[in-house]
Amino acid sequence: MAVSRLALAAIVIAALLHSSAAQTTHTVGGTTGWTIPRGGESVYSNWAAGNSFAVGDILVFNFAAGAHDVTQVNKADYDSCSAANPMMTSTTGPARITLSSSGEHYFICGVPGHCSAGQKVTVNVLASTTASSPAPAPVTPSSPAPRRALTPTSAPTPVSGDFPSSAPARTPSTSPVSGDVPTSAPAPSTRSPMTYTVGDSFGWNIPTNGATLFQNWAAGKDFMVGDILVFNYTAGAHNVAEVTSDAYTACTTTNPISLDSNPPSRITLTTAGEHFYLCAVPGHCSAGQQLSINVTGAASSTPGTPSPSGSTTPSSPAGDVAPPSPNSATSVAGVSAAAFLSVFVALLL
């Protein structure tokens, strides 16, 4: 009877473990987060193509409150980038959305202009993996096999020379073996602050090919807190205004965060997140004189040496610290050691 209860308890615990281990948390965009992608819509479509989504999984949208939102829409509104009839909207980041049904789910940023700039993602959700998995087969206890009586036999006479009377003692080698002695892992390093000349030799002027000139310039760079932007322009012809995301999209400078008209304007990046700059002279922003950058963690305090292109080169090479995996499988949740113990005790009584 006790064996049957133990077998039943094992089945219950296996089922609990199986059902709770299937849930996965996906960070949308990985380290890019939920923002206007520099590579367009393909950034999020490629991310989604590399992941498998199931009912019960969780999507995490990392964004700065006030700069973006997460809006779930139907396919027609997704294709037209319309947030007029949302299925749900979250304006506080990070937003966590549980996938409660199978099929295609559509998400966009409802801030005007962001969806059309590529801030949208589609995920195809499969049925729950636990629903299709076969249940563990019941364990049928069997009767123990009868013990076989052992008849003592005389010990065999050892053959001379087969077994040495004592094994030779091993003397550990004092010479180090390559790879045996662990060395301390090098501490992760960060690069020095860098100085970027916006637009390089073109400077801060009205681009001939529209806003793509400054977008392409920013796309090849990694901005960090502590870095410096230098805007080169002719006094009286241009200026530099830092604005909000909405003002950037609408090309308005009614309430700028900052405004500088003395070239060259040097702006130190003091906070992480997205920063938006434009020329406040009427007509210049709409002609493409605007810049959006995404600033990540802080650089070290030692400035680098300026390079000819206007960006500084760190004094020593520094490898980036590998970020945590964006998709972390959720550990066995809700099933504590106390729950396991209670199942055993209840079935054994």
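# A guided tour of the disulfides, strands and a pocket

With -70 degrees about the S-S bond, the disulfide between Cys251 and Cys285 is left-handed. Select these two cysteines to begin; the model in the viewer is a predicted one.

**First stop: Cys251 and Cys285.** The sulfur atoms of Cys251 and Cys285 are 2.1 Å apart and form a disulfide. Follow the chain on either side of the bond. Cys251 sits in the loop between helix 6 (245-250) and strand 13 (258-260), while Cys285 sits in the loop between strand 15 (273-278) and strand 16 (290-298), and the link thus connects distant parts of the chain, 34 residues apart. Now display the surface. Cys251 is partly exposed, with a relative accessible area of 30%, whereas Cys285 is buried, at 5%.

**Second stop: Cys81 and Cys115.** Select Cys81 and Cys115 next; a disulfide joins them, with an S to S distance of 2.1 Å. The torsion about their S-S bond is about -70 degrees, so this disulfide is left-handed. Cys81 belongs to the loop between helix 3 (75-80) and strand 5 (88-90), and Cys115 to the loop between strand 7 (103-108) and strand 8 (120-126), so the bond ties together parts that are 34 residues apart in sequence. Cys81 is partly exposed, with a relative accessible area of 27%; Cys115 is buried, with a value of 4%.

The count of disulfides comes to two. When the bonded cysteines of the protein chain are numbered in sequence order, the pairing reads 1-2, 3-4.

**Third stop: Cys109 and Cys279.** Why does the sulfur of Cys109 not form a bond with the closest cysteine sulfur? That sulfur, in Cys115, is 8.3 Å away, which is too far for a bond; a disulfide requires sulfur atoms within 2.5 Å. Cys109 is buried, with a relative accessible area of 1%. Select Cys279 as well. The cysteine sulfur closest to that of Cys279 is in Cys285, at 8.5 Å, again too far for a bond. Cys279 is buried, with a relative accessible area of 2%.

**Fourth stop: His114.** Return to the loop between strand 7 and strand 8, where His114 is placed. Is His114 buried or exposed? His114 is buried, with a relative accessible area of 0%. Show the residues around this side chain: leaving aside neighbours within four places in sequence, His114 is in contact with Ile36, Ala67, His68, Cys109, Gln119, Ser245 and Thr249.

**Fifth stop: strands 4, 7 and 8.** Select strand 7 together with strand 8; the two run antiparallel and are joined by six bridges. Among the residues to inspect here is Ile108, whose bridge partner in strand 8 is Lys120. Then add strand 4 (residues 70-73), which pairs with strand 7 in the antiparallel sense over three bridges. In this pairing, Gln72 stands opposite Phe107 of strand 7.

**Sixth stop: Met88.** Move to strand 5, which holds Met88. At 27% relative accessibility, Met88 counts as partly exposed. Not counting residues up to four places away in sequence, Met88 touches Val70, Thr71, Gln72 and Ile97. A distance label can be drawn from Met88 to Val70: their C-alpha atoms are separated by 8.1 Å, and the two residues are 18 apart along the chain.

**Seventh stop: strands 3 and 6.** Ile97, met as a contact of Met88, leads to strand 6 (residues 95-98). Which residues form the covered face of strand 6, and which the uncovered one? Ala95 and Ile97 make up the covered face, and Arg96 and Thr98 the uncovered face. Strand 3 (residues 58-61) runs antiparallel to strand 6, with four bridges joining them. Phe61 stands opposite Ala95 in strand 6.

**Last stop: the second largest pocket.** This pocket has a volume of about 350 Å³. Of its 20 lining residues, those closest to the centre are Phe63, Ala64, Gly273, Glu274 and Asn294, which may be selected together. Strand 15 and strand 16 each supply at least two residues of the lining. The largest share, four residues, comes from strand 15. Colour the lining by residue type to see how it divides: seven residues are nonpolar, twelve are polar and one is charged.

Note on methods. Residues numbered from 1 in each chain as written. Predicted model: local features only at pLDDT ≥ 70, side-chain atom pairs only at ≥ 80, totals over all residues. Heavy atoms only, no water. Buried < 20%, exposed > 50% of the residue type's maximum accessible area, 1.4 Å probe, protein only. Pairing = 2+ DSSP bridges. 1 Å grid on protein atoms, 1.4 Å probe; cavity = no way out; pocket = protein on both sides within 12 Å on 5 of 7 lines; lining within 4 Å. Points joined across faces, edges and corners; volume = space filled by probe spheres on them. Nonpolar A, V, L, I, M, F, W, Y, C, P; charged D, E, K, R; others polar. Contact = heavy atoms within 4.5 Å.
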